[in-house]
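Visitor: I would like a close look at the charged pairs in this structure, with enough of the surroundings to place them. Could you take me through that part slowly?

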Amino acid sequence: MQHAKFSFHRELGGLEVLHNIDKQEDFGRHSHSGYTLALVDSGAQRFYRSGGEHLASQHSVILINAEQVHDCRKASKDKSSYRSLYPTPELFNQFLGDGKAIAPFFHDAVLHDRTLTALMNTTFNVLECDTSA
């Protein structure tokens with residue numbers, strides 16, 4: 001059964017995080033004011049971005065630029081889950097620069113990088129920790 005957990009991290013400049021577990025629902029074409037950086041935990045996702053179709057398999061990273069039209073569809077029969085960060089361009093600028101507009105533009109839609117996957121997994125695990133206990 002599909003389950004989604006959304007969190008908002010005010011202490012990190014309002015960073016939004018989504019954990020979509022056993023994704024069943026497709027999302028039609030849309031855009032976000034911020035970026036989407038997603039880690040595919042299981043299964044696969046098929047999506048449209050930059051005028052073409054892309055496939056993101058387990059342990060790959062999906063990169064969607066701010067305001068970029070995209071969609072998202074489950075691409076496997078088995079369980080398909082992913083975790084996403086939604087940083088705004090302003091948040092990127094805050095963390096990466098000295099006030100200059102340096103928010104990135106991602107040319108690649110999907111990355112297969114073990115180091116990046118491990119770092120994102122660690123980041124999501126830290127963000128999911130209940131610090132109120």
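Guide: What follows goes through the salt bridges one by one and then sets them against the sheet, the cores and the chain as a whole.

The model is a predicted one, and that applies to every value below. A search of the whole structure finds three salt bridges. One of them joins arginine 83 to aspartate 41, with 2.9 Å between the closest N and O atoms. This pair links distant parts of the chain, since arginine 83 belongs to strand 9 (residues 81-86) and aspartate 41 to strand 4 (residues 36-42), 42 residues apart. Arginine 83 has a relative accessible area of 5% and is therefore buried, the limit being under 20%. Aspartate 41, with a relative accessible area of 22%, is partly exposed.

Another of the salt bridges is formed by arginine 73 with glutamate 53, and here the closest N and O atoms are 2.5 Å apart. Arginine 73 is in strand 8 (residues 70-74) and glutamate 53 is in strand 6 (residues 52-57), so this pair ties together parts that lie 20 residues apart in sequence. Arginine 73 counts as partly exposed at 21% relative accessibility, and glutamate 53 also counts as partly exposed, at 45%. Arginine 73 forms a salt bridge with aspartate 71 as well, the closest N and O atoms of that pair being 2.7 Å apart. Aspartate 71, at 10% relative accessibility, counts as buried. Through shared partners, these salt bridges join Glu53, Asp71 and Arg73 into one network.

Strand 8 also holds histidine 70, a residue that is buried, with a relative accessible area of 3%. Leaving aside residues up to four places away in sequence, histidine 70 touches Gly28, Arg29, His30, Ser31, His32, Tyr48 and Ile64. The C-alpha atom of histidine 70 is separated by 4.8 Å from that of arginine 49, although their positions lie 21 residues apart along the chain.

The strands that carry the pair of arginine 83 and aspartate 41 can be placed in a sheet. An open sheet of six strands, paired in the antiparallel sense, has the order 1-2-9-4-7-10. Its edge strands, each pairing on one side only, are strand 1 (3-9) and strand 10 (110-111). Within this order strand 9 stands between strand 2 and strand 4. Strand 9 pairs with strand 2 over five bridges in the antiparallel sense, and tyrosine 82 of strand 9 is the bridge partner of asparagine 20.

Strand 4 also takes part in the packing of helix 1. In helix 1 (residues 89-96), the residues Leu91, Phe92 and Asn93 are buried, and the buried residues of this helix pack against strand 2 (15-21) and strand 4.

The nonpolar surroundings come next. The largest nonpolar core has 14 residues, of which Leu15, Val17, Leu37, Leu85, Met120 and Phe124 touch the most other members. At least two residues of this core are supplied by each of strand 2, strand 4, strand 7 (61-64), helix 1 and helix 2 (114-128), and helix 2 gives the largest share, three residues. A second, separate core has 12 residues, including Ala38, Val40, Ala56 and Val110. Leucine 15 shows how one member of the largest core is surrounded: not counting residues up to four places away in sequence, leucine 15 touches Ser7, Phe8, His9, Leu85, Tyr86, Pro87, Leu91 and Leu127.

Last comes the chain as a whole. The protein chain has two helices and 10 strands, which run from the N terminus as β-β-β-β-β-β-β-β-β-α-β-α. Its radius of gyration is 15 Å, close to the 14 Å that the globule rule gives for 133 residues, so the chain is as compact as a globular protein of that length. Among contacts between residues at least 6 apart in sequence, 67% join residues at least 24 apart. Buried residues make up 38% of the 133 residues, and the accessible surface comes to about 7,800 Å², with 54% of it belonging to carbon and sulfur atoms.

Conventions
Residues numbered from 1 in each chain as written. Predicted model: local features only at pLDDT ≥ 70, side-chain atom pairs only at ≥ 80, totals over all residues. Heavy atoms only, no water. Salt bridge = Lys/Arg side-chain N within 4 Å of Asp/Glu carboxyl O. Helix = DSSP H or I, 4+ residues; strand = E, 2+ residues; numbered from the N terminus. Buried < 20%, exposed > 50% of the residue type's maximum accessible area, 1.4 Å probe, protein only. Contact = heavy atoms within 4.5 Å. Core = buried A, V, L, I, M, F, W, Y, C linked by side-chain atoms within 4.5 Å. Rg over C-alpha atoms; globule rule 2.2 N^0.38 Å. Areas by Shrake-Rupley, 256 points an atom, 1.4 Å probe, with all protein chains shown as cover. Pairing = 2+ DSSP bridges.
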